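Colleague: Hi! Could you walk me through this one before I set anything up?
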Amino acid sequence: MINFMEFNYSEKNFFNAISDKTISFHYNKHLKAYVDKTNELIAGSDFSEMTLEDIILASYDKPEFVALYNNAGQVYNHNVYFNSFGFSKKINDDLKSEMIRTFGSMENLKEELVKASVGVFGSGWTWLVRDKNNNLKIMTTRNGDTPLVLGYEPLFNIDVWEHAYYLDYQNLRKVYVEKFIDNVLGL
Ligand code: MN
């Protein structure tokens, strides 16, 4: 059994980036559905005692487990996403210096995250990750794919599936992404 993460959206500060209605649907309907489907798929199998991360790694690139990989991946991606709210509080002086050293400035980091997010064709995710050499890197993934299987450690992500912003911004992904990044980076 994998867990439905705790997320008290009424206590979070979204800086008006996303409405309570969107957050409520996203967490209570979309994420809950991925958790339920994953648990349905692992029930009674060797996967049922595994951690979420191990389920993803064990089902990756195996055609017979593609539904499990996609659903478990989406649980992982959303767990990172809902923990990205309030990420700005985790940006200490060291991390901020590293971000500026790597990307030139906080504004430029934002600009590169926006550009990457707008460039995702269809559904997917934008990530700030650490690579194997501990360097910061921006990357995108498609659908339910996750950087976990490629050995990257996520700091935060941005959900660019339409369900993340459509109620608030309709087709205006860029506006949603800009506001979301302002929140995450504390800009
Ligand atoms: Mn989502």
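Modeller: Happy to; we can go through the metal site, a few helices and strands, the salt bridges and two single residues. Keep in mind that this is a predicted model.

Colleague: Metal first, then. Which residues coordinate the manganese ion?
Modeller: His-26, His-78 and His-163 each coordinate the manganese ion through NE2, and Asp-159 does so through OD. The distances run from 1.9 to 2.1 Å.

Colleague: What spacing do the donors follow along the chain?
Modeller: The pattern of the manganese donors is H-x51-H-x80-D-x3-H. Within that set, His-26 and His-163 link distant parts of the chain, being 137 residues apart. His-26 sits in helix α1, while His-163 is in the loop between β3 and α6.

Colleague: And are His-26 and His-163 buried or exposed?
Modeller: Both His-26 and His-163 are buried.

Colleague: You mentioned strands. Where does Asp-159 come in on the pairing side?
Modeller: Asp-159 is in β3, where it is the bridge partner of Trp-125. Strands β1 and β3 pair in the antiparallel sense over six bridges, with β3 covering residues 153–159. So that you can place it: Asp-159 is also the residue that gives its OD to the manganese ion.

Colleague: What about β1 and β2, how many bridges there?
Modeller: Seven, again in the antiparallel sense, with β2 spanning residues 136–142. Gly-124 has Arg-142 as its bridge partner in β2. The hairpin formed by β1 and β2 has five residues between the strands, and Asn-134 there takes a positive phi near 70°.

Colleague: How many residues of β1 are buried?
Modeller: Seven of its seven residues, 124–130, are buried. In a regular strand the side chains alternate between the two faces of the sheet. For β1, one side carries Gly-124, Thr-126, Leu-128 and Arg-130, the other Trp-125, Trp-127 and Val-129, and both faces are covered.

Colleague: OK, switching to charges. How many salt bridges does a search of the whole structure find?
Modeller: Five. Let me take you through some of them. Asp-36 and Lys-32 meet through their side chains at 3.0 Å, N to O. Both lie in helix α1, four residues apart, which is about one turn of the helix. Asp-36 is partly exposed at 38% relative accessible area, and Lys-32 is partly exposed at 30%.

Colleague: What else is there in α1?
Modeller: Glu-40 and Lys-37 also form a salt bridge, at 3.2 Å, N to O. They are three residues apart in α1, so about one helical turn separates them. Glu-40 counts as exposed because its relative accessibility is 54%, which is over the 50% cut-off. Lys-37 is partly exposed, at 32%.

Colleague: Which salt bridge ties together parts further along the chain?
Modeller: That would be Asp-182 with Lys-110, whose side chains meet at 2.9 Å, N to O. Asp-182 lies in helix α7 and Lys-110 in helix α5, so the pair ties together parts that are 72 residues apart in sequence. Asp-182 is partly exposed, with a relative accessible area of 26%, whereas Lys-110 is buried at 15%.

Colleague: Now helices. What does α3 look like, covered or open?
Modeller: Mostly covered, with 15 of its 19 residues buried. From its first C-alpha to its last α3 reaches 27 Å, close to the 27 Å expected at 1.5 Å a residue. Gly-86 follows α3 and has a positive phi, near 85°.

Colleague: Pick a residue in α3 for me. What does Asn-79 touch?
Modeller: Leaving out residues up to four places away in sequence, Asn-79 touches Met-5, Leu-31 and Leu-52. Asn-79 is in α3, which spans residues 66–84.

Colleague: Why does Asn-79 count as buried?
Modeller: Because its relative accessible area is 17%, and buried means under 20%.

Colleague: Last one, Ser-48. Where is the place of Ser-48?
Modeller: Ser-48 is in the loop between α1 and α2. Ser-48 counts as buried, at 18% relative accessibility. Its side chain reaches the backbone oxygen of Ser-45 at 2.9 Å.

Colleague: And which residues is Ser-48 in contact with, leaving aside its neighbours within four places in sequence?
Modeller: Met-1 and Ile-42. As for Ile-2, its C-alpha and that of Ser-48 are separated by 8.2 Å, with the two residues 46 apart along the chain.

How values were computed: Residues numbered from 1 in each chain as written. Predicted model: local features only at pLDDT ≥ 70, side-chain atom pairs only at ≥ 80, totals over all residues. Heavy atoms only, no water. Helix = DSSP H or I, 4+ residues; strand = E, 2+ residues; numbered from the N terminus. Buried < 20%, exposed > 50% of the residue type's maximum accessible area, 1.4 Å probe, protein only. Contact = heavy atoms within 4.5 Å. Salt bridge = Lys/Arg side-chain N within 4 Å of Asp/Glu carboxyl O. Expected span 1.5 Å × (residues − 1). Pairing = 2+ DSSP bridges. Donors = N, O, S within 2.8 Å, 3.2 Å for Na, K, Ca; no water. Polar contact = N/O pair within 3.5 Å; in protein donor to acceptor, adjacent residues only side chain to side chain.
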